[in-house]
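Reader: I am new to this structure and would like a close look at one part of it, the charged side chains and their partners. Please take me through it step by step.

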Amino acid sequence: MWRTRAAAACVICRSLANSSYGIKRKSPLQNLHLVSRSIHHPYYPSSKFQRRPLRISIQLFSSLNRLPLRKTKLLNVKYGYQFHRNFWLARLASRLLKIRYLILGSAVGGGYTAKKTYDQWKDMMPDLDEYKWIVPDFIWELDEHIDFEKLIKALPDADDLAKLLPDFDRIGESFTALKGFFSPGSPGETAFRATDQGYDNDKQYKKGLLGELILLQQQIQQHEEDAHRAAGQYNMSSSQQKRKVSDKEKIDQLQEELLRTQLKYQRMLERLEKENKELRKLVLQRDDKGIHQRKLKKSLIDMYSEVLDILSDYDASYNTQDHLPRVVVVGDQSAGKTSVLEMIAQARIFPRGSGEMMTRSPVKVTLSEGPHHVALFKDSSREFDLTKEEDLAALRNEIEIRMRNSVKEGCTVSTETISLSVKGPGLQRMVLVDLPGVISTVTSGMAPDTKETIFSISKAYMQNPNAIILCIQDGSVDAERSIVTDLVSQMDPQGKRTIFVLTKVDLAEKNVASPSRIQQIIEGKLFPMKALGYFAVVTGKGNSSESIESIKEYEEEFFQNSKLLKTCMLKAHQVTTKNLSLAVSDCFWKMVRESVEQQADAFKATRFNLETEWKNNYPQLRELDRNELFEKAKNEILDEVISLTQVTPKHWEEILQKTLWERVSTHVIENIYLPAAQTMNSGTFNTTVDIKLKQWTDKQLPNKAVEVAWETLQEEFSRFMTEQKGKENDDIFDKLKQAVKEESIKRHKWNERAEDSLRVIQHNALEDRSISDKQQWDAAIHFMEETLQSRLKDTESVIEDMVGPDWKKRWLYWKGRTKEQNIRNETKNELEKLIKCNEEHAAYLANDEVTTVRKNLEARGITVDPCLIKDTWHQIYRRYFLKTALNHCNLCRRGFYYYQRHFVDSELECNDIVLFWRIQRMLAITANTLRQQLTNTEVRRLEKNVKEVLEDFAEDNEKKVKLLTGKRVQLAEDLKKVREIQEKLEAFIEALHQEK
């Protein structure tokens, strides 16, 4: 029926097309009936059909008749008017039925035609599902990790950006040229070879990568069609299978070409990333120029690294453990851990050795993106330019020095962490910790506990439930020799946070007899451990001097030609350190987002507990940590040093004079006054005194005076340091003040020229014998009497200790004498008789006199040693001499008149008064000179030494911890660190949410 109607429609179409009724038409097809067009011309758009106006004459026809109807003229009647009134119901029903059939037929025909067209287009489209693995996973997740709105805002102005964008005109030309290579008319050339030639010719269009990616998509489609065509031809007749090149070989060749295309596609992506990196570098450099105009905002990874640095110094005594994520790099010794880190950091930053242990302590490396490739330590402001070989060598040397300094004596490895930050364009943001390599045997030169220490360090980092374990395995050695895999499987048995990396795959492919063994390792079937992902990398060619760029080229070339990829044992996304770094960074940030808020809540609870404990124990004290307490103590010490300058000159001179006389009085009495007093006349007395004083001044007196001044300064400084200041005194500073005082005194050295100038002053003072007035004379007598009385009192005390208590004390206090005291008492009585017999006896006993005293005592049954007799005589004569000198002082009170006349015509001689006057005057002048040296020079030098000591202590944290101790200090220190950690974590979380 449809065919009949279609034929009738065609006749009508031809008749309308050939007829001319004086009406202009744009196209003959516009005259066709709607149903005719829908059947006979299915691809002609029916929407363009327009109903003819009723005012013109048209040819009436019916789709049900084969022949056209005769032409008639319509009457000029209104629209909708029915001419025959008797049959209007029948005609209306007929028209309605006709319209229904027309609509139904049009719908069926149009639907069939649309479905057929859709199926044809669908068959023409290639199936690209099998090639999804070519594109890395991060491409599909770019919108999750990159905030394109921020990137648009960070881009340069339109003019600057236009200079950086590729030349689209040249891209169009390149695309047109490449399109010709893919045309069906190019004989004898496969699509892949044509693309290779196009790629070689298009190297000049470095910015036209967008067009090349489109061509690669078409190329993959063409390869798929060739593969299907070859597979279909392979099943044809035997005559067609006898070609020069078999279809099976052609299929293998197409598979190889497809693999090369995949690698080429990945290389294109790397070129795109490189261009993007250069663009980002320009943007960052532009931002870097505005550092002085605005405060540079810290990057997200730098904020996170600061939190980890604080946590490394935090003593978790309140059950708040560090569970923040970081990437822990573990592996057997010489497995290539350091090389993997260097490939990720894109610089050779670690010291290297041939087989020996180089990583002796954990090294925390914070990778972040920046305009320049630099590295710097946490505690140093020096930047190492990683693009210069001199700075790289200096950095490696500095890391090695820090490692060796951190290792204590008698140890091989250290638990102290070295914090290093590396910035550069295109670096993946993450925090990695390189641990010492796990060893199986302790060799000579190592500490006996080296193996256990390395295991404990590795377990301490891996037992963090949020730590990402980067397990490095050497692919060039037998898998059975691995130690680290067992350790990792113990820490993470489910493999939820482990990434396995097989290094030295190039050597493994050469040495391993069965390549399937490598496939088993990468698939996780060989080792008794599970992992999130498995990667195979090549991190060197065996030469430590190779650059990172050359190693990356070698790695790419190796995997491009490797049978492991050609035979599909390895997948493209499982190879190269580039894919590894992307996967590790993605896993790291995923773990950070999942755990950081929980850690912030834990530290918030810890902070509340610490604040409550402080309020209960120290309600009236401020929460001062160790540094704040040190600053407070520093200010107090400096105030006390300044107080030394406020001591009055009179106070200084009184103390100096008194202390100096106490120090030299014994020498004056025993070595100068007593020997001179034994002479027979005043001339000999004065001569002896002058000689003795000259010798004393030249050798001992200046040095003694300086020692007295220095000790006096120390005593005054100590008095100010230890002086209680009422309620403001804080005994927590006592140890610190004592240490500062001792170290400052130890560093202080008196001026070397002080003794020389003092010697001249003292010598001149002692040579002056003139007493100008009676007041000075009386002062000298008073000084002499005080000195002699003090000596006499000391001498009597010594004699009493020798002979025991007298009869009054024995009766009143019920004390007795010992046998030795009785002997000495009898000896004393004999010697007193000897002095009474000769009041002008010399200061020393003769041998015959000693013998006489001994025999007299033996006659009474007392055996006495001669040494005991001489020792007792010294004290007895000393007392006798002092009493005689005091009596002489009383006589000389009226001797000033005779002194003025030089004792002419007088039996009274007061040369001893003149001697004590000279001593007294020398003491006053010396005290004045020392006071001037103290106030003008030494106090200021001491203040300078104190400041230097305080500055040294401020930089020595171990010293501060040792000197400022106690529960109060530790509680304030923990509270400060927990607050700082919580605040930094909250700031980091806020920045993390903003980045999302």
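Reader: To start with one residue, does Glu 707 count as buried or partly exposed, and at what relative accessibility?

Author: The model is a predicted one. In it, Glu 707 has 32% relative accessibility and therefore counts as partly exposed, since buried would require under 20%. The side chain of Glu 707 forms a salt bridge with that of Arg 663, at 4.0 Å from N to O. This pair connects distant parts of the chain, with Glu 707 in helix H26 (residues 701–722) and Arg 663 in helix H24 (residues 649–677), 44 residues apart. Arg 663 is partly exposed as well, at a relative accessible area of 31%.

The structure holds 39 salt bridges. Another of them joins the side chains of Asp 768 and Arg 921, at 3.3 Å from N to O. Here too distant parts of the chain are linked: Asp 768 is in the loop between H28 and helix H29 (774–803), Arg 921 is in helix H35 (residues 911–955), and the two are 153 residues apart. Asp 768 is partly exposed, with a relative accessible area of 23%, and Arg 921 is partly exposed with 28%.

Helix H35 also holds Glu 943 and Lys 947, which are 4 residues apart, or about one turn of the helix. Their side chains meet in a salt bridge of 3.7 Å, N to O. The relative accessible area of Glu 943 is 18%, so Glu 943 is buried, the limit being under 20%. Lys 947, at 38% relative accessibility, counts as partly exposed. Elsewhere, Arg 607, Glu 611, Glu 623 and Arg 979 are joined into one network by salt bridges that share partners.

Other acidic side chains form a negative surface patch, made up of Glu 597, Asp 601, Glu 983 and Glu 986. Helix H22 (577–617) and helix H37 (967–995) are the elements that give two or more residues to this patch. Glu 983 is located in helix H37 and is partly exposed, with a relative accessible area of 47%. A patch takes residues with over 30% relative accessible area and no salt bridge, so Glu 983 passes the area limit.

Two polar contacts complete the picture. Arg 360, in the loop between helix H14 (337–345) and strand E2 (363–369), counts as buried at 18% relative accessibility. A polar atom of the Arg 360 side chain lies 3.3 Å from the backbone oxygen of Thr 412. Ser 419, in strand E5 (residues 418–424), is buried at 11% relative accessibility. The side chains of Ser 419 and Lys 364 are joined by a polar contact of 3.4 Å.

Conventions
Residues numbered from 1 in each chain as written. Predicted model: local features only at pLDDT ≥ 70, side-chain atom pairs only at ≥ 80, totals over all residues. Heavy atoms only, no water. Patch = residues over 30% accessible without salt bridge, like charges linked within 9 Å, V, L, I, M, F, W, Y side chains within 5 Å. Areas by Shrake-Rupley, 256 points an atom, 1.4 Å probe, with all protein chains shown as cover. Lys, Arg positive; Asp, Glu negative; His and termini not counted. Charge placed at Lys NZ, Arg CZ, Asp CG, Glu CD. Buried < 20%, exposed > 50% of the residue type's maximum accessible area, 1.4 Å probe, protein only. Polar contact = N/O pair within 3.5 Å; in protein donor to acceptor, adjacent residues only side chain to side chain.
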